[in-house]
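This report covers charged side-chain pairs, nonpolar packing and one helix. The structure comes first, and the description follows.

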Amino acid sequence: MRPWHDAIGLQATGLALHAGAQASARRLATGLGFEIRGGERWVVLGPNGAGKSTLIATLAGLLPPTGGALALQGVALADWRPDALARWRAWCPQFWSDPFPARVDETVRAARRGDAADAGTAFDALLAALDLAPLAATDVRRLSGGERQRVALAAALWQDAPLLLLDEPTSHLDLAHQQQLVVALGAHASRGGAVCASLHDVQLAWQLATHAVLLDGRGGAAAGPREAVMTPARLSAAYGVTIDRVEVCGEQRFWIGPRREGMS
């Protein structure tokens with residue numbers, strides 16, 4: 001997979017989000033501002049219904065924001081043609097469907113046009129990196145949820161776009177494959193790419209992230225470096241449980257206590 005020589009930049013300014021991208025619906029966030037740049041790994045955190053999937057889809061250009069502005073490479077996101085946008089960003093949804101039979105390797109290859117020059121070693125290495133090589137000839141309809149999720153992630157990576165926007169990419173993955181994904185996304189960022197992924201697991205988010213967006217489910221939001229956003233106080237307030245940061249075997253982890261009355 002190639003490095004990116006043109007610096008990637010996705011800028012959100014005064015972003016407003018509402019449920020279903022309808023201004024009359026429930027407010028998810030207002031005045032949200034941040035910039036995703038090459039080499040950065042962003043996570044989007046928050047309780048159920050806080051707007052994580054809405055934010056990822058909005059950043060991908062699939063939903064319009066209800067306020068504020070989004071620009072990719074200095075050009076308004078709404079002004080990008082779909083084919084040109086696909087060369088800069090890849091989107092991996094939370095759910096997918098397979099209405100007809102297709103092999104795993106065919107499904108992954110379909111994410112990129114004209115890949116003949118790279119179809120050998122790089123393609124095989126990608127399948128191996130996500131433990132998909134033994135499943136290459138398998139019909140995607142016969143896969144488990146975690147196996148199918150790894151196929152979707154492989155397709156997003158094979159699209160070879162510098163910006164990856166991933167909606168809950170670890171929801172079906174076991175512990176080993178979660179760690180495998182962290183390595184793959186870290187390698188993507190090390191080549192100059194950028195990652196923005198919504199996650200539920202704060203431990204995994206801390207491990208993956210350089211930056212974070214935290215949606216509190218009540219219309220509030222914070223964005224910035226991981227250490228500034230993923231504080232025990234902010235996480236506790238957003239999730240409605242007591243959360244503290246502890247050191248385990250020399251690494252930072254989170255202790256999560258029971259829900260307390262009066263917390264929301």
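The side chains of aspartate 139 and arginine 141 form a salt bridge, with N and O 2.8 Å apart; a salt bridge here is a side-chain nitrogen of Lys or Arg within 4 Å of a carboxyl oxygen of Asp or Glu. The model is predicted: local features need pLDDT of at least 70 and side-chain atom pairs count only at pLDDT 80 or more, while totals for chains, interfaces and linings use all residues. Residues are numbered from 1 along each chain as its sequence is written, and side-chain values use heavy atoms, with hydrogens and water left out.

**Salt bridges**

The whole structure holds 8 salt bridges, including the three tabulated here.

| Acidic residue | Basic residue | N to O distance |
|---|---|---|
| Aspartate 83 | Arginine 81 | 3.2 Å |
| Aspartate 105 | Arginine 103 | 2.7 Å |
| Aspartate 139 | Arginine 141 | 2.8 Å |

Side chains of opposite charge can pair when their charged atoms come close. Burial is judged by relative accessible area: buried is under 20%, exposed is over 50%, and partly exposed lies in between (1.4 Å probe, protein chains only). Aspartate 139 is buried at 14%, whereas its partner arginine 141 is partly exposed at 46%. Aspartate 105 is buried at 12%, and arginine 103 is partly exposed at 33%. Aspartate 83 is partly exposed, at 35%.

**Nonpolar cores**

A nonpolar core is a set of buried Ala, Val, Leu, Ile, Met, Phe, Trp, Tyr and Cys residues joined through side-chain atoms within 4.5 Å. The largest one has 49 residues, and Val43, Leu45, Leu166, Met230, Leu235 and Tyr239 touch the most other members. Helix H5 (residues 145–158) supplies the largest share of this core, 7 residues. Helices (H or I, at least four residues) are DSSP runs, numbered from the N terminus.

Leaving out residues up to four places away in sequence, methionine 230 touches Val43, Leu45, Val202, Ala205, Trp206, Ala212, Leu235, Arg245 and Phe254, contact meaning heavy atoms within 4.5 Å. Another core, of 30 residues, lies apart from the largest one and includes Leu32, Trp80, Ala194 and Val213.

**Helix H4**

In helix H4 (residues 121–129), the buried residues are Phe123, Leu126 and Leu127. They lie on the same side of H4 because they cover an arc of only 95 degrees around the axis; the arc is that of the directions from the helix axis to the C-beta atoms. Helix H3 (104–109) and H5 are among the elements that cover these buried residues. Aspartate 131, just after H4, has a positive phi of about 55 degrees.

Notes:
Helix = DSSP H or I, 4+ residues; strand = E, 2+ residues; numbered from the N terminus.
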